[in-house]
Amino acid sequence: PYQKDSLKKIFPSDHIESIKFYEGGLLSIGSTRVICKSVYIHPNKWGKYIINNPDSEDAILLMIHETTHTYQGKRIESCIKMSLSSLYAQFIAFLTKGSRSYAYYYPINLSSDIKKHYYNPEQEASIIEDYFYLKFFDGNLSTTNCYDCFENKYFLDNLEDIYLDILNKYE
């Protein structure tokens with residue numbers, strides 16, 4: 001069900017099959033949440049659960065983003081660490097910029113050794129979401145969370161390399 005076929009373009013099938021998706025409920029109040037291998041979907045601004053529409057670009061991108069978090073937290077110790085790191089990044093973004101949304105913005109024009117340790121969990125999920133959007137939906141670069149991609153004519157190749165590095169990091 002859901003957008004699992006799209007998820008399999010990015011993540012291993014056995015990981016996809018291990019995830020449980022829930023719509024609504026107490027754990028989805030305020031925003032979509034990931035707790036280890038469970039994803040609690042928050043309704044959109046119209047009160048609808050976008051996951052019900054398997055062809056929805058927004059639903060697929062949300063599932064890519066949230067599945068990245070389940071992949072980051074495959075083991076219980078990494079699940080707790082990922083959750084705390086994500087909350088910390090959002091908290092710092094809110095304190096310094098006035099919005100937790102800044103935790104999702106990322107650069108790609110970094111040296112290789114810095115990239116391996118630079119990104120917080122939200123940036124990693126945004127990178128994989130944006131890579132999927134640009135590669136499989138032929139998306140518009142201006143609507144991604146990458147703030148320096150326009151400075152790099154090989155941005156899609158760079159995103160692919162970073163995406164693969166992120167997956168390898170959590171193997």
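## Thr-68 in helix 3

Leaving out residues up to four places away in sequence, Thr-68 touches Phe-11, Glu-124, Ala-125 and Ile-128. The model discussed here is a predicted one. Thr-68 belongs to helix 3, which spans residues 57-72. Its relative accessible area is 2%, and Thr-68 therefore counts as buried, the limit being under 20%.

One of the residues touched by Thr-68, Glu-124, also appears in the lining of the second largest pocket, which is described further below.

## Overall architecture

The protein contains seven helices and three strands. Along the sequence these elements follow the order α-α-β-β-β-α-α-α-α-α.

Of the 171 residues in the protein, 47% are buried. Among contacts with a separation of 6 or more, 58% join residues that are 24 or more positions apart.

## The three strands

Strand 3 (residues 38-41) pairs with both of the other strands, though in opposite senses. With strand 1 (residues 20-23) the pairing is parallel and runs over four bridges; with strand 2 (residues 33-35) the pairing is antiparallel and runs over three bridges. Ser-38 of strand 3 takes part on both sides: Ser-38 is the bridge partner of Lys-20, and Ile-35 stands opposite Ser-38 as well. Strand 2 and strand 3 form a hairpin with two residues between them. In that turn, Cys-36 has a positive phi of about 55 degrees.

In a regular strand, side chains alternate between the two faces of the sheet. In strand 3 both faces are covered. Ser-38 and Tyr-40 lie on one side, Val-39 and Ile-41 lie on the other, and all four are buried.

## The second largest pocket

The second largest pocket holds about 160 Å³ of space. Its lining consists of Gln-72, Ser-78, Lys-81, Met-82, Ser-85, Tyr-119, Asn-120, Pro-121, Glu-124, Lys-169 and Tyr-170. By class, four of the lining residues are nonpolar, four are polar and three are charged.

Helix 4 (76-97) and helix 6 (121-136) each contribute at least two residues to this lining. The largest share, four residues, comes from helix 4.

## Two loop residues: Pro-107 and Thr-143

Pro-107 is found in the loop that runs between helix 4 and helix 5 (112-118). With a relative accessible area of 4%, Pro-107 is buried. Apart from neighbours within four places in sequence, Pro-107 is in contact with Tyr-118, Tyr-119, Tyr-147 and Asp-148. Among these contacts, Tyr-119 is also a lining residue of the second largest pocket. The C-alpha atoms of Pro-107 and Gln-123 are 9.1 Å apart, and the two residues are 16 residues apart in sequence.

Thr-143 is located in the loop between helix 6 and helix 7 (155-169). Its relative accessible area is 52%; Thr-143 is therefore exposed, since the class begins over 50%. A polar atom of the Thr-143 side chain lies 2.9 Å from the backbone oxygen of Asn-140. Between Thr-143 and Asp-130, which are 13 residues apart along the chain, the C-alpha separation is 8.8 Å.

The two threonines considered in this report thus fall in opposite classes: Thr-68 is buried, whereas Thr-143 is exposed.

Note on methods. Residues numbered from 1 in each chain as written. Predicted model: local features only at pLDDT ≥ 70, side-chain atom pairs only at ≥ 80, totals over all residues. Heavy atoms only, no water. 1 Å grid on protein atoms, 1.4 Å probe; cavity = no way out; pocket = protein on both sides within 12 Å on 5 of 7 lines; lining within 4 Å. Points joined across faces, edges and corners; volume = space filled by probe spheres on them. Nonpolar A, V, L, I, M, F, W, Y, C, P; charged D, E, K, R; others polar. Buried < 20%, exposed > 50% of the residue type's maximum accessible area, 1.4 Å probe, protein only. Polar contact = N/O pair within 3.5 Å; in protein donor to acceptor, adjacent residues only side chain to side chain. Contact = heavy atoms within 4.5 Å. Pairing = 2+ DSSP bridges.
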